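Colleague: I'm new to this one and would like a close look at a single part, the sheet. Could you take me through it strand by strand?

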Amino acid sequence: MNIAQHIALIDELCYRPFPAEHGPSDVGVSGPGRHTAVLEAAPDDDPALHAVTVDQYEKDRDAVYELLASRWGDTSPYNLQTVLLRTEREEIPRPWAELSACASVAYVWEVEGTGRWVAVAVTDRDTSRGVRLLALVTETDPP
């Protein structure tokens, strides 16, 4: 998938209905109030390439950011490490807790007129798992 396809998918998810139950979807996983799309995924069988893949996916995330920022405004990186630490002491809504468990930082926008939030992140926390570039679309405000 290229950057234009990533943007088109994010746009579509901003209006796609949420399912009543959590489960797999045609683009990743969906559930009540959220869609998580896998924009890019690397196999998890080569830890030696982990850092290289993270670097490439971060560049792709930044390219997605540039296009979305031109539309929805600049945003500072959202520190998911802080969210992860907070999960030990408080109840963090599911989509944000799950995203913080696998990614360190995300770019986040509130999409005006939709009641939805969009986050774009690279799953960089676990070197034993494949790296993914994710887009989260949710109606749950970030914590």
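Let's start with a turn: how many residues lie between β2 and β3 in their hairpin, and which residue in the turn has a positive phi?

Modeller: Before the hairpin, a word on what you're looking at. This is a predicted model, where local features need pLDDT of at least 70 and side-chain atom pairs count only at pLDDT 80 or more, while totals for chains, interfaces and linings use all residues. Residues are numbered from 1 along each chain as its sequence is written, and side-chain values use heavy atoms, with hydrogens and water left out.

Now your turn: two residues sit between β2 and β3 in their hairpin, and Gly-33 is the one in the turn with a positive phi, about 80°. The strand names come from DSSP runs numbered from the N terminus (strands are E, at least two residues; helices are H or I, at least four). β2 covers 28–31 and β3 covers 34–41. The two pair in the antiparallel sense over four bridges; pairing here means that DSSP finds at least two bridges between the strands. Gly-31 has Arg-34 as its bridge partner in β3, and Ser-30 is matched with His-35.

Zooming out, seven strands make an open sheet in the order β1-β2-β3-β7-β6-β5-β4, with antiparallel pairing. β1 (23–24) and β4 (78–79) are the edge strands, each with a single partner, so one side of each has no neighbour in the sheet. As background, strands of a sheet pair through backbone hydrogen bonds, either parallel or antiparallel.

Let's walk across from the β1 edge. β1 and β2 form a hairpin with three residues between them, and two bridges join this antiparallel pair. The bridge partners in β2 are Ser-30 for Gly-23 and Val-29 for Pro-24. So far, then, Ser-30 has turned up twice: Gly-23 is its partner on one strand, and His-35 on another.

His-35 carries the chain of partners onward, since its bridge partner in β7 is Val-137. β3 and β7 are antiparallel too, over seven bridges. Six of the eight residues of β3 are buried, so this strand is largely enclosed by the rest of the structure. Buried means under 20% relative accessible area, with exposed over 50% and partly exposed in between (1.4 Å probe, protein chains only).

Now the far end. Two bridges join β4 to β5 in the antiparallel sense, and Tyr-78 has Ala-106 as its bridge partner in β5. β5 is mostly covered as well, with seven of its nine residues buried. β5 and β6 pair antiparallel over seven bridges, with Val-108 partnered by Ala-119 in β6. They also form a hairpin, with four residues between them and Gly-113 in the turn at a positive phi of about 85°.

One residue of that loop deserves a stop. Thr-114 lies between β5 (103–111) and β6 (116–123), and it counts as buried because its relative accessible area is 18%. Its side chain reaches the backbone oxygen of Val-111 at 2.7 Å. That is a polar contact (N or O atoms within 3.5 Å, one able to donate a hydrogen and the other to accept it; residues adjacent in sequence count only if both atoms are side-chain atoms). Not counting residues up to four places away in sequence, Thr-114 touches Cys-14 and Tyr-15, where contact means heavy atoms within 4.5 Å.

What packs around the sheet? Helix α4 has buried residues including Trp-96 and Leu-99, and their cover includes β3, β5, β6 and β7, along with α3 (80–86).

Finally, the strands help line the largest pocket, whose volume is about 200 Å³. It has 13 lining residues, and the closest to its centre are Val-29, Thr-36, Glu-98, Arg-132 and Leu-134. A pocket here is an open set of points on a 1 Å grid over the protein atoms alone, where a 1.4 Å probe fits, with protein on both sides within 12 Å along at least five of seven lines; lining residues have an atom within 4 Å of a point. The volume is the space filled by probe spheres set on the points, which are joined across faces, edges and corners. β2, β3, α4 and β7 each supply at least two lining residues, and α4 gives the largest share, four.
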